[in-house]
Amino acid sequence: MLVLWGLVWGAGDRVWGQESSRWRVYRQDDGLADDFVLSVTVSPRGQTWVRHPAVASVNWLDGYQVREIPGLEENRFPVWESRSGQIWSLHKVGLAEFRREGWAVYPVDGIRDEHLTNSLRMLRPIPVLPAERDHVLVLLPQQLIKVNPASGRTVELRSVTATGLRSFTDLVESRDGGAWVVGSGGVARLPGPARLLAADSVWHELLLDPAWGIEGLGRPIEDDEGKLVVVGERASGGERVILVCDGEDWEPPKLAPEGTRAAWRGMGERFWAQARGSLYETVSGDRWQVVGVPGLPRAQLIDTAFEPGGVFWLATSEGLIRHAPQTWRRPAGAGGETMEILGMAEHRGVGVWMVSPSGLYLGRDGRWRAWDWPEGFRLSGLGPRLVQWLEGQRVWVLGATGGALIFELVNERFHTVEHPEGRSIVRVLGGARPGAVFLETVDAGGGRQVEVFDGSGFSRWPDEGEAEIELERVEFVDGLAGDRIWLGSTQGLAVWDPVSGRFEKMEGAPEGTMHAVLAIAGGKIWFGGEGMIVEYDGRGFQVRRSGLGRVRSLRVARDGTVWVATESGLFSYADQAWMDYGPEESFPGVEVRDVLPDREGTVYAATGEGLFRYHREADLDAPVSFFAGGTSRQTPTTREYRVSYGGQDRWHYTPERRLLFSHRLDDGVWSVFGEAREVVLTNLTAGQHRLAVRAMDRNRNEELEPVVWEFVAFVPWYAEPRILLVTGGGLLVAGCLAWLAINRHLRLRRSYAEVEGIVEQRTRELQEANRELLHSQKMRALGTLAAGIAHDFNSILSIIKGSAQIIEHHLDDRERIRTRVSRIRTMVEQGSGIVQAMLGFSRGAALAAEPCDLNQLVGETVRLVADQVGSRASLECEVGSQPVVVRTVAPLIRQMLLNLVFNAVEASVEGGVIRLRVTTAALAPPELVLAPAPAEAYARIDVIDAGHGIPTEVQSRVFEPFFTTKAFSTRRGTGLGLSMVYEIAKELGVGLRIESELGRGSAFSLLIPQVEGVLEAGAARRS
């Protein structure tokens, strides 16, 4: 019934196995690279490896997640993982090993030759067994070889001709670290460890009986008991058979379903068989039934793999299947799958006794024996105390009609128990001492009393006096809970007082009826009542658990775990943590009539749906826990700090919502395991903290390494005592200072009138002074402008005056007069240009720039000042043969040259040489006084003298207005010539550079930008 329920329920879930521990399917949605699984292997490290036919990726599962590594292209051979963690696969030319950088292929001649000669090896791969590090066993049809890929060495361990196996077919690792080699004539067991196998290792061969007529053995599978199961085929008829070898001999062949490819032993004596399209399981004897895989009714079964503990994997065309035994299972044998159990008892060395309406059962070492009740004897649900072990290999059983039986195990016979006074046995009230029970008996007149029965006779209790017991309301009388005799009734709890000869009611006991009593460790006593469990520690009562339903039985196991059977289900208690069991743990959520943990650690539960046995070994893997994201790692100490967490059990034996968690802060005490998934921390101290969390599944597997959450608690400023002290002191000081400030303010107000008067007077005086200063600055600026204009016109007039004098002395020389008149006209135009520039400046406009040949301009300038210079210096003009054309204002360039030439004349010694040079440059030179405008190229005019030079410390000031080095010389200067040059150059975008050295003269340079259009125009003009 439970199996059917599990299949129906699991089929409705996309990934059933999430809720049931029996079946689980992995598909592409669960992380697999593809639904179609071609091969599956299980490594000794507990990881499962799968290959797919349509994709090259390889998946591996560790029970918590599905991961992926790249596979070899055009290679679909299985993947094996060794104990040392190396990952191996076959290749068409040898072996392949996966490393971090990818797959490395090692050629092996035997593997290459086998693939070339046998095309079926693509469907039935060569058997491979990784044996420790860099040792791989490879089974070829004619030999077993050991390959060391690192050294490239191959060793033949055995040739098939040296054995009686006829032909090698398969290879599998044994539980003891050795190996099984399967051949067409039998099997051979190789000693372990497999990595130490050598050519002289002893093989233990177990050959088949030739009379069986079986050949083609393959697919060996070793179970937990060390027995090897192989599949063969009869030579005549072609039937598939299953053979079992215990390491010493063969069991008779067992007929297998048609098309069986692999077979293995399951729980108990059952067998499983896998064919291409079906999965089979034995029901009883040799009868097979088809087992439907939930959710995959049409899947093709391709490959199988196995783990210890009865776990097996199926590679199918629609997903990867994992089948695992459940932790709660019905015991097989003697009708144990369906029998209804009403009570249980156990005795060391004998076994577990169980009574059912059909008979008496004895379970021992997984096997069951049954004896039917004598004719006329009938049982009904009288509670778990209707069976009791007595001394002398005897069992006492109480029936529904008030009769009792004693079963003697020695001769396996029932004897009817008769009271010597003819009283009827009504019910069992509890245990009196080991091997004896308290009974309630009644005589023919209805008189009730308590008696003790020890298997040999009855004795009244108490033996003296009358015990005031209202038996109609009594639930139990038990003397096994410590050194007291306890009574539970509808009116509460009472304890026997041997002095007074009566029961005295226990004050402080909870209201309600108590049905069961149990003595546990530490001298404590538990009572089970209506929906609660109450603990008595010798001083008072405390409710340990509520909401359980009516408690029917309390038992304690050898490890101290308390098991509780109730009308609402089964519960256990250990290490202060409660556990309940339901469908998620393969236990029916129905009424539990009795629970019995035996001395071997096995737990039996009698439920409304039959008997169940607890298999702790089915799930020994611990869950892992993790913290939820989004939580800050900093928190104020004044607030609650909440941390959420969760967990996952390996292979999902326990669903996430059924996991239990415990936590501790820093080095504190671990909390009791509970279902809460959030911890709220308050009253944290400032500083670094560590919150550790660990998970536990419903099989009480605890996480070994807890996860840790580190965070910092800080004190906010408004809660920091030092800040508050400083703030309070600051406020006090501020109050004092405020009083002083107010007093000061009042004093200052009296002086404000005087200060305002003084300020008003000083303001008027300052305004008057500012007006006078502004007027003075205006006049000074006007004087500077006038002086500059006068300086320029003085230079022009000097040339005009010189030309007029020459004309006056040479009136008869027409040519000379014409030349001098031309110079006068030029200088008049120069003056007119200056006037226009001044007028343009005053109107916010400038003279228009026009193309100009600098060679011609420099030549004209030299001719203009030649007469003015006279004999004080000689002028030399260095120009090229090609015109240097720029777009600029020629009169202003000429004016700058005149100022530079006259300045050079003043600086030169008598008879010195002044050179004017015109060149071009692609880039502007460094160390400029004034940078020119950006251009493709520059025209350069240098005015060079051989005078005294300018000192370095005053070179930066020569362009300042009114600055002159000739203030006290006979030729006193105005200090405006170079200033005007600087202003005109700045206006035109012309660069300035000065080079000077004391005693060796000076050189002033003008850098005039050349634009592309002007350069082309100049080139056209030259052509």
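**Figure 1. Helices H6 and H7 pack against each other.** Axes are lines fitted to C-alpha atoms, for helices over the stretch in contact, and the angle between them runs from 0 to 180 degrees between N-to-C directions. The model shown here is predicted. Helix H6 covers residues 890–907, and helix H7 covers residues 977–988. Their axes lie 9 Å apart, at an angle of about 150 degrees. Angles over 145 degrees count as roughly antiparallel, so H6 and H7 are roughly antiparallel to each other. The crossing of H6 past H7 is left-handed. From H6, the contact uses Leu892, Ile893, Gln895, Met896, Asn899, Leu900 and Asn903. From H7, it uses Gly977, Leu978, Met980, Val981, Ile984, Ala985 and Leu988. Ten of the residues in this contact of H6 with H7 are nonpolar, four are polar and none is charged.

**Figure 2. Helix H5 packs against H6.** H5 spans residues 854–869. The axes of H5 and H6 are 10 Å apart and meet at an angle of about 40 degrees. That angle makes H5 and H6 oblique to each other. H5 passes H6 in a right-handed crossing. On the H5 side, the contact residues are Leu857, Val858, Glu860, Thr861, Leu864, Val865, Gln868 and Val869. On the H6 side, they are Ala890, Ile893, Arg894, Leu897, Leu898, Val901, Phe902 and Val905. By class, the contact of H5 with H6 holds twelve nonpolar, two polar and two charged residues.

**Figure 3. Trp23 sits in strand E1.** This strand runs over residues 23–26. Trp23 has a relative accessibility of 5%, so it counts as buried. Its partner in this view is Gln326, 303 residues away in sequence. In space, the two C-alpha atoms are 9.5 Å apart.

**Figure 4. Val350 lies in a loop between two strands.** Strand E30 (343–347) comes before the loop, and strand E31 (351–356) comes after it. Val350 counts as buried, because its relative accessibility is 6%. Beyond its neighbours within four places in sequence, Val350 is in contact with Leu362, Arg364, Trp389, Gln393 and Leu409. Arg364 is 14 residues from Val350 in sequence. From C-alpha to C-alpha, Val350 and Arg364 are 7.2 Å apart.

**Figure 5. A cis peptide bond joins Gly192 and Pro193.** Its omega is about -5 degrees. Pro193 is in the loop between strand E16 (186–190) and strand E17 (204–207).

**Figure 6. Glu132 and Gln576 have positive phi values.** Glu132 has a phi of about 60 degrees, although it is not a glycine. Its loop lies between strand E10 (128–130) and strand E11 (136–140). Glu132 is partly exposed, with a relative accessible area of 27%. Gln576 is also not a glycine, and its phi is near 65 degrees. The loop that holds Gln576 lies between strand E50 (569–574) and strand E51 (577–581).

**Figure 7. Cys245 and Cys852 are buried.** Cys245 has a relative accessible area of 0%. For Cys852, the value is 9%. A disulfide is a covalent bond between the sulfur atoms of two cysteines. A pair counts here if the sulfur atoms are within 2.5 Å. By this rule, the count is zero disulfides.

**Figure 8. The whole chain has eight helices and 68 strands.** The chain holds 1023 residues, and 48% of them are buried. Consider contacts between residues at least 6 apart in sequence: 51% of these join residues at least 24 apart.

Key. Residues are numbered from 1 along each chain as its sequence is written. This is a predicted model: local features need pLDDT of at least 70, side-chain atom pairs count only at pLDDT 80 or more; totals for chains, interfaces and linings use all residues. Side-chain values use heavy atoms; hydrogens and water are left out. Buried means under 20% relative accessible area, exposed over 50%, partly exposed in between (1.4 Å probe, protein chains only). Helices (H or I, at least four residues) and strands (E, at least two) are DSSP runs, numbered from the N terminus. Angles under 35 degrees count as roughly parallel, over 145 as roughly antiparallel, 65 to 115 as roughly perpendicular and the rest as oblique. A crossing is left-handed if the near helix is turned anticlockwise from the far one by less than a right angle, and right-handed if clockwise. Contact means heavy atoms within 4.5 Å. Ala, Val, Leu, Ile, Met, Phe, Trp, Tyr, Cys and Pro count as nonpolar, Asp, Glu, Lys and Arg as charged, and the others, Gly among them, as polar.
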